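Biologist: I would like to go through the charged pairs in this structure. Can you take my questions one by one?

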Amino acid sequence: MKITLVLDVICAHSYLAYHHLQQALRSRRAAGGSAEVTFLPFQLDPAAPHTPEPLKTVLQRKFGPAALDSAAAMAKKAAGEGLVLDYDRAVNANTRPAHLLLTHAERHGRGEEVAERLFRAHFTDGLNIADTATLGRLAAEAGLHSAPDADDEAELTRRLERTRALAVRAVPVFLADGTTPLVGDQSPAAFERLLAGARTA
């Protein structure tokens, strides 16, 4: 069974939904089931520079003061799930390097671990996930001890093209064969139903 997640690692809804998916996957795997998670990249801010800028500054500039209220509400919601969204520490930067690392990690069997670490690095640790050295450390923490190469660059380009072909306009989106796509930060129960309804190959 394959679950495809379209995400950006600076998307709070993607983080919360991924957390819920992992809960459902743990239950499935504990019961002897299996599932493969693959990732498709989506950039919320593809024109963002690689030099980091405080996330709250960017949110307020783009969406106005109400964006900070929305961020605070999302942080409170996530806290109830045991996740820390520290908008005072988080920085905004271009996510293509992070997507490149995630593509590389998935090709080496560490995609799920690296995805979680990237979310936590951005939202909890306030790290610049456009920085190559930082990404190298995060990869090592997740058990990956190699760097992306030209093959990963080509694969990332293919995946970005697939995302565009799917006409994705917002994330997260979860795709599984034989099921209706799930959009947004769905509950663990919704993911359990998705896994139960997906066709196995």
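What follows is a short exchange on salt bridges and one polar contact in this predicted model.

Biologist: How many salt bridges are there?
Modeller: Side chains of opposite charge can pair when their charged atoms come close. The cut-off for a bridge is a nitrogen of Lys or Arg within 4 Å of a carboxyl oxygen of Asp or Glu. By this rule the count is 14.

Biologist: Which parts does the salt bridge of Glu112 with Arg29 tie together, and how many residues apart are they in sequence?
Modeller: The closest N and O atoms of Glu112 and Arg29 are 2.9 Å apart. Glu112 belongs to helix H5 (residues 111-123) and Arg29 to helix H1 (residues 12-30), so the bridge ties together parts whose separation in sequence is 83 residues.

Biologist: Is Glu112 buried or exposed?
Modeller: Buried means under 20% relative accessible area. Its partner Arg29 has 34% and is partly exposed. Glu112 has 17%, so Glu112 counts as buried.

Biologist: Where do Lys56 and Asp88 lie?
Modeller: Their side chains meet in a salt bridge, at 2.8 Å from N to O. The pair ties together parts 32 residues apart in sequence, because Lys56 lies in helix H2 (residues 55-63) and Asp88 in the loop between helix H3 (66-79) and strand E4 (91-92).

Biologist: Why is Asp88 classed as exposed?
Modeller: Exposed means over 50% relative accessible area. Lys56 has 31% and is partly exposed. Asp88 is exposed because its value is 64%.

Biologist: Which residue forms a salt bridge with Asp125?
Modeller: The closest N and O atoms of this pair are 3.0 Å apart. Asp125 is partly exposed, at 22% relative accessible area. The partner is buried, at 8%. That partner is Arg117.

Biologist: Which residues do salt bridges with shared partners join into one network?
Modeller: Here the bridges link up through the partners they share. The residues in this network are Glu106, Glu155, Arg158 and Arg159.

Biologist: Which side chain joins that of Thr38 in a polar contact of 2.3 Å?
Modeller: Thr38 sits in strand E2 (residues 36-41). At 9% relative accessibility, Thr38 is buried. Beyond its neighbours within four places in sequence, its contacts include Lys2, Ile3 and Arg159. The side chain in the polar contact belongs to Glu106.

Note on methods: Residues are numbered from 1 along each chain as its sequence is written. This is a predicted model: local features need pLDDT of at least 70, side-chain atom pairs count only at pLDDT 80 or more; totals for chains, interfaces and linings use all residues. Side-chain values use heavy atoms; hydrogens and water are left out. Helices (H or I, at least four residues) and strands (E, at least two) are DSSP runs, numbered from the N terminus. Buried means under 20% relative accessible area, exposed over 50%, partly exposed in between (1.4 Å probe, protein chains only). A polar contact is a pair of N or O atoms within 3.5 Å; within protein, one must be able to donate a hydrogen and the other to accept it, and residues adjacent in sequence count only if both atoms are side-chain atoms. Contact means heavy atoms within 4.5 Å.
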